[in-house]
Each structure stands twice: as C-alpha cells, then as structure tokens.
Amino acid sequence: MLIGIPFLIYIYLRIRLGNDITPQERDEALFKEGIDLYHNEACAPAFRYFEEKVLNYPKSAVAYLYRGKCHYYFENWEAALIDFEKTLRLDNTIPEAYWLKANCLYMLEDYASALFELKRASRFYLDKNADVLRSIGELEFRGGDFESAEKNLKIASNLGDSQSAILLRTLFIGNIR
C-alpha cells in the first residue's frame with residue numbers, strides 16, 4: 001500500500017505533465033518539414049532533407065523510414081530495404097516499415113521473406129489492413145497454399161478491398177466456399 005500510493009501519484013503527474021509522447025511522435029514533430037515534402041510528392045527535396053537528418057540523428061527510426069520511403073519512391077529497392085531494416089532495428093513497432101520492407105523484398109523476387117514480413121505487418125495491423133491481407137493472399141497463392149490464400153483474400157474482401165474480391169472471383173472460380 002505504501003508503495004502503491006507514490007506510484008499512482010507518479011503516474012498521474014507523468015500523464016498530466018505530458019511526458020507520455022513516444023520517440024516516434026517526437027521525431028515526426030521534429031521532421032515535420034521533411035514529412036510534408038514527402039507527402040506533397042516532392043521526393044527529391046525530401047530525400048535530401050532526410051539524408052541530412054539521418055546523419056544528424058542516427059538513432060531516429062523515423063528519419064530512416066522516410067529516407068527509405070524516398071528510395072522506394074525512386075524504385076531503389078536495395079537502398080530502401082536497407083533503410084527499412086535499420087528502421088526496424090531502431091524501433092520494431094512501426095508496421096508501415098514491415099509493409100514497405102515486404103514490398104521491397106517482393107520487388108527483389110524474394111517471395112518467402114516478403115511473405116514473412118507481410119505476416120509480421122499483419123499482426124501489427126491486427127489483421128485489419130486489407131492491402132496487407134491481399135498481398136499475403138497473393139503470395140500464398142503463388143506459393144501453392146490455396147486454402148490460406150482464399151481465407152486471406154476473403155478477409156480482405158470483407159474489409160472492403162475490391163481488388164481482393166476480383167482476385168477471389170478470378171483465382172477461385174466457382175470454388176468459393
């Protein structure tokens with residue numbers, strides 16, 4: 001009881017003083033200018049911005065993530081993959097990094113590793129991201145696991161993904177249970 005009361009006071013003060021911001025949120029606020037450049041599709045200036053920020057903030061997962069996104073935009077798959085791996089080494093709770101890493105691996109034709117990373121991303125998205133589930137279904141179909149492919153495509157279709165519905169109709173003609 002004597003330990004519990006000071007602990008509750010500590011938690012209350014920590015919440016009230018606003019010290020509950022994550023490093024990712026802090027970095028996103030710090031790099032807002034570069035993130036805005038990226039979202040406005042000015043990827044060359046965004047790349048230069050994040051190239052500098054990676055040198056100045058080598059432990060920032062967000063800087064590596066956005067530099068990797070710029071590499072991804074320019075279809076530089078190997079460099080993007082390296083940046084996404086560095087992002088995940090620094091902060092392994094960013095589902096978008098798993099998703100983009102899987103896409104890079106897919107483009108590099110490493111389908112087994114891409115499927116593994118997609119399944120990790122799916123866990124972070126709590127199986128509520130239709131794009132991830134559709135990609136898992138496509139890779140499972142490619143690998144010959146037709147039951148799992150059909151299941152994932154059905155879930156993605158139920159989440160409102162029209163491409164998954166088309167894939168279900170074309171890949172499993174008349175066999176949808």
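User: Happy to start with the surface of this predicted model. What percentage of the exposed area of the protein chain do carbon and sulfur atoms supply?

Analyst: Let's begin with the total. The protein chain exposes about 10900 Å². Of that area, the share supplied by carbon and sulfur atoms is 55%.

User: And on the inside, what percentage of the residues count as buried?

Analyst: A residue is called buried if its relative accessible area is under 20%. The protein chain has 177 residues to sort in this way. The part of them that counts as buried is 40%.

User: Which secondary structure elements make up the chain, and how many are there?

Analyst: Reading along the sequence, you meet the pattern α-α-α-α-α-α-α-α-α-α-α. The number of strands is zero. The count of helices is eleven.

User: Why is the chain described as more spread out than a compact globule?

Analyst: Good one to reason through! Along the principal axes, the C-alpha atoms fill a box of roughly 65 × 50 × 25 Å. For 177 residues the globule rule gives 16 Å, and the chain is well over that value, so it is more spread out than a compact globule. The radius of gyration behind this conclusion is 20 Å.

User: What share of the contacts with a separation of 6 or more joins residues 24 or more positions apart?

Analyst: Here we look at contacts in the protein chain and leave out those with a separation below 6. Among the contacts that remain, residues 24 or more positions apart account for 44%.

User: How far apart do the centres of the positive and negative side chains lie?

Analyst: Let's take each set in turn. The protein chain has 22 positive side chains and 26 negative ones. The distance between the centres of the two sets is 5 Å.

User: Now for the rings. Which kind of aromatic pair do Y38 and Y66 form?

Analyst: A search of the whole structure finds eleven aromatic pairs, so there is plenty to look at. For Y38 and Y66, the ring centres are 5.7 Å apart and the planes are at 80 degrees. Planes over 60 degrees apart have their own label, and this pair is edge-to-face.

User: How many residues apart in sequence are the parts that this pair ties together?

Analyst: Y38 lies in helix α3 (residues 32-39), while Y66 lies in helix α5 (residues 61-73). Y38 is buried at 17% relative accessibility, and Y66 is buried at 7%. Because the two rings sit in these two helices, the pair ties together parts whose separation in sequence is 28 residues.

User: Are Y73 and F74 buried, partly exposed or exposed?

Analyst: Y73 and F74 form an edge-to-face aromatic pair, 5.3 Å centre to centre. The relative accessible area is 43% for Y73 and 43% for F74. Partly exposed covers values between 20% and 50%, so Y73 and F74 are both partly exposed.

User: Which residues does Y57 touch, not counting those up to four places away in sequence?

Analyst: Y57 is found in the loop between α4 (43-56) and α5, and counts as partly exposed at 33% relative accessibility. Y57 also belongs to an aromatic cluster with F31, Y38, Y49, F50 and Y66. Leaving out the residues up to four places away, Y57 touches L30 and F31.

User: What is unusual about the phi of L126, and what is its value?

Analyst: Most residues other than glycine have a negative phi. L126 is not a glycine, yet its phi is positive. L126 is in the loop between α8 (111-124) and α9 (130-143) and counts as exposed at 65% relative accessibility. The phi of L126 is about 60 degrees.

User: What about D127: which phi does that residue have?

Analyst: D127 lies in the loop between α8 and α9. D127 is partly exposed, with a relative accessible area of 41%. D127 is not a glycine, but its phi is positive, at about 55 degrees.

User: Is E117 buried or exposed?

Analyst: E117 has its place in helix α8. Leaving aside neighbours within four places in sequence, E117 is in contact with Y98, K101, A102 and L105. With a relative accessible area of 5%, E117 is buried.

Technical notes. Residues numbered from 1 in each chain as written. Predicted model: local features only at pLDDT ≥ 70, side-chain atom pairs only at ≥ 80, totals over all residues. Heavy atoms only, no water. Helix = DSSP H or I, 4+ residues; strand = E, 2+ residues; numbered from the N terminus. Rg over C-alpha atoms; globule rule 2.2 N^0.38 Å. Buried < 20%, exposed > 50% of the residue type's maximum accessible area, 1.4 Å probe, protein only. Contact = heavy atoms within 4.5 Å. Areas by Shrake-Rupley, 256 points an atom, 1.4 Å probe, with all protein chains shown as cover. Lys, Arg positive; Asp, Glu negative; His and termini not counted. Charge placed at Lys NZ, Arg CZ, Asp CG, Glu CD. Phe/Tyr/Trp six-rings, centres within 6.5 Å; stacked < 30°, edge-to-face > 60°.
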